[in-house]
Amino acid sequence: MTPEETRALVDQLDEYRTGRSSAGVEQLIDQDPEATQEWYYLNLAVDAVRNTGLHDQVALVRETLRQELKAPAGESYMAVPANQTSRRATEKPSGAIIRTIGKYSFRAAACILVVASSTVIYKYVTVSSSSLYGRYFGAYALNTSRGVEKETPIVNAYNEKDWISVLSLAGTAGAKDNQVEFLAGMADLQLNRCDDAITHFEQVIAANAQASTDYYQDEAEYYLAISWLACKKVNQAMPMLEKIKADPNHKYHQKVANMSFFDLRLAQYKENK
């Protein structure tokens, strides 16, 4: 799904719950399996928080399980030993302990949905841009990430985690190349200066676009998204994360693919409320 489609689903959720809807988004939900799944999770999150609709969802799951088991709606089947033929509920062998699949499906569905609702409530309360930043931010190891770098004062200061010196050296550098800008951005991020970090990472991306190069491009894109999460701007982070996720050749593709996009979109929904 594109970031625009994701935002359209979030907007549709608000409209749907106020009695309005968009025919275009409804068609997307009907035809795109990923959109269908995201729509379900968005609704589940809201329903769980409001603690309503649980019985209807249980009934839906029960009916789904019944259909998957190919049991007609008016009938239920006995759970019998494997060496015996399945029987209808009306055929009760004497002395046997009879339990219907439907009965247990209903109980299992109810238990699953209660647990799921509790989990979603917990997620809704705890998931935020800040919590996602804490989950996904990881220090950038310069030497192991890009091979052996030329020993310069700013590289030495970065490897020694002397963030103040990194920023001081970057500020006095005559010609600021992408390495200097990127390391300054990482130092700002380590010092919780997310707005300044964003400026440095955007400068790296702009310089590459102007010179048709890709020096520190992947790193700048990933940590730009992380910086936006740190600044509680998940709406800005999502398009970049979607871009990285869609590019299997991106250096941070697998890291982003392993992120919980449900949590990210839940935080996005909360931000847009």
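A charge is said to sit over a ring if NZ of Lys or CZ of Arg is within 6 Å of the ring centre and within 35 degrees of the ring normal. In this structure, which is a predicted model, the charged end of K245 meets that description: it sits over the ring of F261, at 4.1 Å from the ring's centre.

F261 also opens a helix, since α15 covers residues 261–272. Within α15 lies R265, a residue with a relative accessible area of 3%, which means that R265 is buried. The side chain of R265 is joined to that of E242 by a polar contact of 2.4 Å. R265 can also be located relative to a distant part of the chain: its C-alpha atom is separated by 9.8 Å from that of S128, although the two residues are 137 apart along the chain.

The account now turns to the disulfide. A search of the whole structure finds one such link, and it joins C194 to C231, with the sulfur atoms 2.0 Å apart. C194 belongs to helix α11 (residues 194–211), whereas C231 is in the loop between α12 (217–230) and α13 (234–246); the pair therefore ties together parts that are 37 residues apart in sequence. The link of C194 and C231 is right-handed, with 120° about the S-S bond. Are its two cysteines buried or exposed? Because burial requires a relative accessible area under 20%, C194 counts as buried at 13%, and C231 counts as buried at 14%.

From C194 the reader may follow helix α11. At 1.5 Å a residue, its 18 residues should span 26 Å, and the C-alpha atoms at its ends are indeed 26 Å apart, so the expected and modelled values agree. Several residues of α11 are buried, among them A197, H200, F201 and V204. What covers the buried residues of this helix includes α10 (178–190) and α12. After α11 comes S212, which has a positive phi, near 55°.

The covering helix α10 contains D188. With a relative accessible area of 3%, D188 is buried. Which residues does D188 touch, not counting those up to four places away in sequence? They are L167, R193, D196, A197 and H200. With H200 the contact is also polar: the side chains of D188 and H200 meet at 3.3 Å. H200 is itself one of the buried residues of α11.

The last theme is the aromatic residues. The structure holds 13 aromatic pairs. In the pair of Y215 and Y216, the ring centres are 4.7 Å apart and the planes lie at 70°; the pair is therefore edge-to-face, because planes over 60 degrees apart count as such. How exposed or buried are these two residues? Y215 is partly exposed, with a relative accessible area of 33%, whereas Y216 counts as buried at 0%. Both belong to one aromatic cluster, which also includes Y133, F137, Y140, F182, F201, Y222, Y223 and Y252. Through F201, the cluster leads back to α11, where F201 is among the buried residues.

Technical notes: Residues are numbered from 1 along each chain as its sequence is written. This is a predicted model: local features need pLDDT of at least 70, side-chain atom pairs count only at pLDDT 80 or more; totals for chains, interfaces and linings use all residues. Side-chain values use heavy atoms; hydrogens and water are left out. A disulfide is a pair of cysteine sulfur atoms within 2.5 Å. Helices (H or I, at least four residues) and strands (E, at least two) are DSSP runs, numbered from the N terminus. Buried means under 20% relative accessible area, exposed over 50%, partly exposed in between (1.4 Å probe, protein chains only). The expected span of a helix is 1.5 Å times one less than its number of residues. Contact means heavy atoms within 4.5 Å. A polar contact is a pair of N or O atoms within 3.5 Å; within protein, one must be able to donate a hydrogen and the other to accept it, and residues adjacent in sequence count only if both atoms are side-chain atoms. Rings of Phe, Tyr and Trp (its six-membered ring) pair if their centres lie within 6.5 Å; planes under 30 degrees apart count as stacked, over 60 as edge-to-face and the rest as tilted.
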